[in-house]
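Trainee: I am new to this structure and would like to go through part of it. Please show it first.

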Amino acid sequence: MDNSNPLPDELWMEEAIAEARKAEQIAEVPIGAVVVKDGVIIGRGHNLRETSLDPTAHAEMIAIKQASETLGAWRLTDCDLYVTLEPCPMCAGAILQSRIRRVVYGAPDPKAGCCGTLMNLLQDSRFNHRTEVVSGTLQEQCGALLTNFFRGLRKKSNEKAGTPNE
């Protein structure tokens, strides 16, 4: 076992959840991410697609960019990414390109997950880099953030339309 991150995965995931809550506070889909190197968070991000009107402003992309800026390097070979939702194809591509060592995610994404749900880009032998994947860390909390967020949106939509809540 690698001891470069002395805290258990759950504690780092709590940091990613804190980032997701920041997104939720500004009416963004609550997804959060942190990049950890040698037991220190070097990149943080939360979803900002609506706020920035940028389809690439996913939590992982923001955290990876910040980590690269912190290190002054694009290679994040000794870094681990913790994210509340399974990365999509774009984020999986950025993870591969940045050479992240390990991805730990909370909730699976049945619509866009590319770390094992729809496909597993991070461990495809055809690429020149493979990333270790750990799924299901604090899955209930991560999933509940998303479920509650979308439930709230549906409730608001129903109230505006004058239809009963489901």
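Trainee: How many bridges join strand β3 to β4?

Mentor: This is a predicted model. Strand β3 covers residues 79-85, and β4 covers residues 102-107. The two run parallel, and the number of bridges that join them is 5.

Trainee: Through which helix does the chain cross from β3 to β4?

Mentor: The path between these strands is a β-α-β crossover, and it is right-handed. The helix on that path spans residues 89-98 and is α4.

Trainee: Which residue in β4 is the bridge partner of Asp80?

Mentor: The partner is to be sought in β4, which holds residues 102-107. For Asp80 the bridge partner there is Arg102.

Trainee: Is β4 mostly covered or mostly exposed?

Mentor: A residue counts as buried under 20% relative accessible area. In β4, 6 of its 6 residues are buried, and the strand is mostly covered.

Trainee: In β5, what is the bridge partner of Val104?

Mentor: β4 also pairs with strand β5 (residues 132-135), in the parallel sense, over 4 bridges. In β5, Val104 has as its bridge partner Val134.

Trainee: Which helix gives the most to the lining of the largest pocket?

Mentor: About 380 Å³ of space lies in this pocket. Its lining has 20 residues, with Val29, Ile31, Leu85, Asp109 and Leu146 nearest the centre. Helices α3 (59-71) and α5 (139-161) each supply at least two residues of the lining. With 6 residues, the helix that gives the most is α5.

Trainee: How many residues of that lining are nonpolar?

Mentor: The lining includes 4 polar and 6 charged residues. The number of nonpolar residues is 10.

Methods
Residues numbered from 1 in each chain as written. Predicted model: local features only at pLDDT ≥ 70, side-chain atom pairs only at ≥ 80, totals over all residues. Heavy atoms only, no water. Buried < 20%, exposed > 50% of the residue type's maximum accessible area, 1.4 Å probe, protein only. Pairing = 2+ DSSP bridges. Right-handed = clockwise from strand over helix to strand, strands pointing away. 1 Å grid on protein atoms, 1.4 Å probe; cavity = no way out; pocket = protein on both sides within 12 Å on 5 of 7 lines; lining within 4 Å. Points joined across faces, edges and corners; volume = space filled by probe spheres on them. Nonpolar A, V, L, I, M, F, W, Y, C, P; charged D, E, K, R; others polar.
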